[in-house]
Amino acid sequence: MHELGSRTSRKRVAYVAAALIALIALLAGCTVGSQTETPAAPPEPVVQVTQSPESGTQDVNPVSPVSATATEGTFTDIALVNAEGRAVQGVLSPDRTTFTVGEALGYGATYTWRGTAVGTDGKTVTVDGSFTTVQPEQTISANLNIGDGQEVGIAAPIIVQFHETVEDKAAVEKAMTVTTTPPTPGSWAWLPDDNGSRAHWRPQNYWAPGTTVNLNAKLYGLDFGGGAYGAEDLSLDFTIGRSQIVIANAPSHRMQVVRDGQTIMDIPVSYGEGNEPRNVTRSGIHMVTEKHEDFLMSNPPFYENVRERWAVRISNNGEFIHANPETLGVQGSSNVTNGCINLSLGDAQQYFGTAMYGDPVEVTGTSIELSAADGDIYDWAIDWPTWQSMSALA
């Protein structure tokens, strides 16, 4: 009886052990299964923001297009700011998907995007990113010879005087547009540097009276070559006034002023003659550039700081039309002056009142021609085919 009871106990223990092993295995299987399951990641926001130029871009031209665009969503707010935090002017499209910068940027500056965009799924993303504009080695500015709104004579060119040498003259010339009403044939020409490069635009023939002229020079952000960029844009509007031409024939010892085809003055004068070439009044088309009721003139060794009245400058070679009482006795009969055209006091004052910047003064009959040696404006001394060949785009 004892042996039978022992066998029964052993069987019972074995059954219990087997059940425990099965339970442990089942529990272990459940634990392993729960560790290998990965929770599903939340979906990414659907809205995408693209920037032009891309974030991180260097040497961006300050006048190149700049924008940010949201797809699968819209901008809640959006701005491009400079290093001081000032927002750049721009326009957000009516559907709030595109922001376009509306002003030129600065040179050598970093600009940063700020804002948020919300997608069609209702999720919001932050707008960020930045870029840096080009830093020129130097910027070149320029000035004009005519004032905005000014009325000028029929021979006036447009002069753009740059303060430094321009290397890529073709690029600069392409950026300068002259528009006239009525249409007027004309061309740019680059004259020899004079304290910087200089571009002159003149019509093929004298301007028609009443012509309106516009210059639009998109120079800011323009690569001038040699590491230089334009400092600013230039614009100009002016009008051509009445037609007035001075006819100055030296052998005749007289001078006529022709206004709109009618001679309004025909007066005795004295022109420049002498043993030295510098005393000869130059032949060619001069241009009135300035006038002074009183002017101190010098022509060493002949005279220095002599006060002259009613002086109208016609070249930078020291040539004026002015009063000179000392030559009154030979005016109309001899040429004895030191390069200028001498008039009586009364005639000089009368002519002075009619003269305008840009009036042509056509001198003929002397032994020396007007040329580049005689100053900065000798445009009409150059024939038209030669003038056209002086364009950087010829």
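Buried means under 20% relative accessible area, exposed means over 50%, and partly exposed lies in between, with a 1.4 Å probe and protein chains only. Keep those classes in mind during the tour.

This is a predicted model, in which local features need pLDDT of at least 70 and side-chain atom pairs count only at pLDDT 80 or more, while totals for chains, interfaces and linings use all residues. Residues are numbered from 1 along each chain as its sequence is written, and side-chain values use heavy atoms, with hydrogens and water left out.

**Whole chain**

Start with the cartoon view. The chain has four helices and 28 strands. Helices (H or I, at least four residues) and strands (E, at least two) are DSSP runs, numbered from the N terminus. Of the 394 residues in the chain, 43% are buried.

Now switch on the surface. The accessible surface of the chain comes to about 19,800 Å². Carbon and sulfur atoms hold 53% of that area. Accessible areas come from the Shrake-Rupley method with a 1.4 Å probe; for residues, only the protein chains shown count as cover.

Contact means heavy atoms within 4.5 Å. Take the contacts in the chain with a separation of 6 or more: residues 24 or more positions apart account for 63% of them.

**Stop 1: strand β12**

Select residues 158-162. This is strand β12, and five of its five residues are buried, so the strand is largely enclosed by the rest of the structure. Colour the two faces separately. Ile158, Val160 and Phe162 are on one side, with Ile159 and Gln161 on the other. Both faces are covered.

Add the partners. Two strands pair if DSSP finds at least two bridges between them. Strand β10 (residues 142-144) runs antiparallel to β12 and is joined to it by three bridges. Strand β15 (residues 198-203) also pairs with β12 in the antiparallel sense, over four bridges.

Which residues stand opposite Gln161 in these partners? In β10, look for Asn143, which stands opposite Gln161. In β15, the bridge partner of Gln161 is Arg198.

**Stop 2: the annotated site**

Select His322 and Cys340. An unreviewed UniProt entry lists both under "active site". UniProt positions are given in the numbering used here, feature names are shortened, and annotations may be inferred rather than shown by experiment.

The two residues span 19 residues in sequence, yet their C-alpha atoms are no more than 7.5 Å apart, so they gather at one spot.

Centre on His322. It is found in strand β26 (residues 320-323). Is His322 buried or exposed? At 3% relative accessibility, His322 counts as buried. Leaving aside neighbours within four places in sequence, His322 is in contact with residues including Met297, Arg309, Trp310 and Cys340.

Move to Cys340. This residue lies in the loop between β26 and β27 (341-343). Cys340 is buried too, with a relative accessible area of 4%. Its contacts, leaving aside neighbours within four places in sequence, include Ser270, Tyr271, Met297 and His322. Show Met297 as sticks: it is in contact with His322 and with Cys340.

**Stop 3: salt bridges**

A salt bridge is a side-chain nitrogen of Lys or Arg within 4 Å of a carboxyl oxygen of Asp or Glu. The structure holds seven salt bridges. Visit three of them.

Begin at Arg309, which is among the contacts of His322. Arg309 forms a salt bridge with Asp294, with the closest N and O atoms 2.8 Å apart. Arg309 lies in strand β25 (residues 303-313) and Asp294 in strand β24 (residues 290-299), so the pair ties together parts that are 15 residues apart in sequence. Arg309 is partly exposed at 25% relative accessibility, and Asp294 is partly exposed at 35%. Add Arg307: salt bridges that share partners join Asp294, Arg307 and Arg309 into one network.

Next, select Arg254 and Asp266. Their salt bridge brings the closest N and O atoms to 3.0 Å apart. Arg254 lies in strand β21 (residues 254-259) and Asp266 in strand β22 (residues 262-268), so the pair ties together parts that are twelve residues apart in sequence. Arg254 is partly exposed at 30%, as is Asp266 at 41%.

Finish at Arg86 and Glu103. Their side chains meet in a salt bridge (3.7 Å, N to O). Arg86 is in the loop between β3 (73-81) and β4 (90-92), and Glu103 is in the loop between β5 (98-101) and β6 (110-119), 17 residues apart. Arg86 counts as partly exposed at 44% relative accessibility, and Glu103 counts as partly exposed at 24%.
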